[in-house]
Amino acid sequence: MKQPVPVQSPIKGVNRVVNREGQPPDTCWDALNVLPFDRFGRRRVAQRSGLTKQYATNLGATRVQGLLPVNKIIYPATLNSTGLTFYNEAFTSLATFGQSWSNVPSTATVSSNKLTVPAGFAPPVSAAGMTGYTPNLPSTATVWKFTVSVAFTRGSPDPSIGTLFTLGINYAGTGNTLNCDAYAHVNYGTVDGGVTFNWFTTTKNGSNTILASDGAVGTIVMTVTKSGSVFTVTATMGGVNMGAASYTTVTPRTTPPVPFMNINTSNGGSVAVS
Amino acid sequence: MQFTQGGTFTQPVYQTLLIGVCGGFVYIGQAAPQNSIALAGNQSTAPLNALPIVSMAVVNQTVYFVDGITITSLPTSTGNITAYAATAGSYPTAVALAATWRGRLVLAGDSNNPQNFYMSRAGTPTDWDYSQTDPAAAVAGNLSKSGLIGEPITALIPYTDDYMLIGCAHSLWMLQGDPADGGSIVQVSNNLGVVGKDAWCVDPMGTLYFVATGGLYSVRPIFEAYRPPELLTGQNYNQFFQNLNWSTQIINLVWDAELHYLNIYVAPVDGTAGTHLIFDTRNGGLWPQQFTAVAGPTAATAYLSDASPNSRATLLGGTDGYIRRFDTTATDDDGTALNAYIVLGPFKPFPETGILAATTIDLGELTGSGTWNATVTLASGPDAYSVTEGTPHSSTAINCTLDRRQKTFRQRLRGGWFTCTIANTTDNAYFCFESALLEFEPAGRNRERR
């Protein structure tokens with residue numbers, strides 16, 4: 001007479017406490033490198049997942065002494081990588097500012113995390129130590145301008161549809177005697193694209209004066225989005241839409257772009273950037 | 001003012017970095033899309049000792065490292081190693097334990113004062129002025145009403161905002177409330193301790209697990225009715241913990257929130273391969289695991305970098321300077337074949353002897369990467385010992401290279417007791433087990449005697 005003995009997956013693991021003849025149901029006396037759930041999450045004993053390197057980098061031919069995950073806010077640090085680079089300028093001191101940026105005006109001052117460029121400054125201020133990059137400025141700079149430009153490299157895949165880039169700048173204008181333009185500028189590939197808008201006029205888009213008095217602070221927010229093959233740059237200031245421009249012809253950049261600012265106060269007034 | 005540039009741009013509000021220490025140097029790692037790790041800045045020489053396991057704590061987004069000899073720091077805002085200095089008072093230098101609790105940097109494991117603990121001012125990890133009397137002031141155990149711990153401290157466990165558990169080799173203590181504001185120390189156990197600085201972890205439900213002498217214990221969340229520590233391994237595999245030697249082994253507990261496993265890693269200090277355990281909380285089982293010697297782990301952590309499933313993993317720091325992770329698509333350990341097996345039984349179908357006449361195995365289906373391989377070994381012997389840890393009287397092996405239900409294998413294996421082992425040692429191969437049917441026939445008296 002045959003005695004069939006059905007055997008199910010011993011999901012309760014190893015048990016070596018009981019006597020040898022008393023192995024409890026759903027347990028086994030020995031196992032190694034198996035787990036009660038397979039690699040797809042089903043409850044059946046299966047070989048465990050293997051190990052792969054988290055990073056290709058070797059930290060040294062010795063044991064790892066500690067690991068700790070840390071959540072951090074991105075803004076202040078420079079994290080260099082092949083994918084993303086963040087750069088923050090906190091304007092903590094003129095000396096610090098001068099280490100990263102060339103052509104810093106000697107008459108500029110730094111206080112309260114704000115850079116103030118007084119009247120009479122014309123040359124561009126750019127990040128030092130990087131490959132040369134000549135900003136593409138409007139040829140007639142008869143008004144003082146504050147320009148911040150960010151360039152990014154076309155990647156593989158291209159930046160995703162949606163908000164590709166947002167730049168927030170707090171600025172304050174003084175000496176409201178001239179029309180002054182703020183130029184939010186984006187370089188994508190070798191094509192320059194940007195939106196020029198005016199800080200102080202009363203007629204832009206039918207809005208009232210954005211900066212009504214000296215020292216008033218406004219925030220520029222520039223957004224680049226992509227829909228299909230069209231890149232659109234829009235800018236708002238103080239929450240008011242200041243304009244948009246679209247670009248369809250883009251040539252990939254072959255050298256890393258260089259962040260820069262152009263502050264031109266040669267016609268008077270001053271600009272504070274934070 | 002901030003610039004960003006990159007080919008693939010995302011706009012996360014925060015990022016989870018991985019801080020690693022190796023050879024006394026500090027590294028900063030990032031998850032996808034970077035998937036890279038590099039030296040932290042300002043390290044012309046190693047800021048830490050290259051030998052000991054380092055303890056780390058984070059206060060105000062600055063990481064503090066202690067190695068029993070020195071303290072150093074890494075502000076994540078700069079990514080540069082910064083020499084640690086007190087802004088008020090003086091701090092203990094020869095500490096080996098660090099933790100964060102109530103906004104304070106907590107230090108212990110002072111070789112000059114092993115039963116003492118030290119807490120910086122709340123929110124100011126460089127303020128060690130114990131003379132101040134406000135509730136946020138720095139405090140040391142020997143200078144507070146709570147007093148010293150009863151024996152040398154082995155682990156700091158910041159359990160909740162109101163409770164910190166302090167582990168010693170053979171006792172467990174609970175710090176109730178802020179010691180600078182009338183907090184007190186209560187002894188939880190005078191028999192159980194925590195065998196290492198990382199021999200504990202807390203799951204998402206607030207249950208604390210720790211390895212003590214003689215087993216794995218759990219402590220229920222504090223909001224439940226208080227219950228003493230509960231032994232989890234006394235009914236299945238207590239021998240594993242009885243054989244631990246925490247002076248020659250590095251013990252790490254890591255909770256896997258996705259698989260609901262408690263990982264218990266035991267790595268020998270001499271760099272040889274250790275045997276680890278995974279505690280399956282859903283079924284209450286213990287499962288031995290073994291990696292290559294270089295995989296360690298000498299350090300381990302749960303890395304939950306972002307929302308992507310590919311960026312969440314249990315990371316293992318090896319003895320060779322590499323950091324590894326479990327990968328569901330991997331069927332070997334970083335190029336080395338796994339030795340995976342399970343022994344079903346022992347079975348005794350009849351009071352005397354039987355013959356195993358037919359075996360039908362249902363294996364799982366092969367999906368995903370790798371090939372299929374499972375070797376089924378049937379063994380018989382006169383008693384249960386012979387077919388488990390002893391030598392079987394007879395055995396036969398069947399190699400299954402196909403997945404799912406196998407054909408019925410017929411054999412004539414005679415004995416009093418039987419086992420069925422399913423194993424794989426082939427590289428890049430995988431198996432899983434659904435069920436089996438063993439068919440026995442009676443075979444008369446058991447004539448085998450010792």
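Biologist: In what order do the strands of the open sheet of 5 strands run, and is their pairing parallel or antiparallel?

Modeller: In this predicted model, the order is β2(A)-β32(B)-β38(B)-β35(B)-β36(B), with antiparallel pairing.

Biologist: What makes β2 of chain A and β36 of chain B edge strands?

Modeller: Each of them pairs on one side only. Here β2 covers 30–32 of chain A, and β36 covers 394–400 of chain B.

Biologist: How do you know that β35 and β36 of chain B pair?

Modeller: Pairing needs at least two bridges between the strands. Strand β35 (residues 374–381) and β36(B) have 7 bridges, in the antiparallel sense, so they count as a pair. One of the residues involved is Leu378(B), whose bridge partner in β36(B) is Thr396(B).

Biologist: How are neighbouring strands of the 5-strand sheet turned against each other?

Modeller: By 15° on average, direction ignored.

Biologist: Let's turn to the open sheet of 4 strands. What is its strand order?

Modeller: In chain B the order is β23-β24-β25-β26, and the pairing is antiparallel. The edge strands are β23 (249–256) and β26 (285–290), as each pairs on one side only. Neighbouring strands of this sheet are turned by 20° against each other on average, direction ignored.

Biologist: Why do β23 and β24 of chain B count as paired?

Modeller: The cut-off is at least two bridges. β23(B) and β24 (residues 261–268) share 8 bridges in the antiparallel sense, so they meet it. As an example, Ile250(B) has Ala267(B) in β24(B) as its bridge partner.

Definitions and conventions
Residues numbered from 1 in each chain as written. Chains lettered and ligands numbered in written order. Predicted model: local features only at pLDDT ≥ 70, side-chain atom pairs only at ≥ 80, totals over all residues. Heavy atoms only, no water. Helix = DSSP H or I, 4+ residues; strand = E, 2+ residues; numbered from the N terminus. Axes fitted to C-alpha atoms, helices over the stretch in contact; angles between N-to-C directions.
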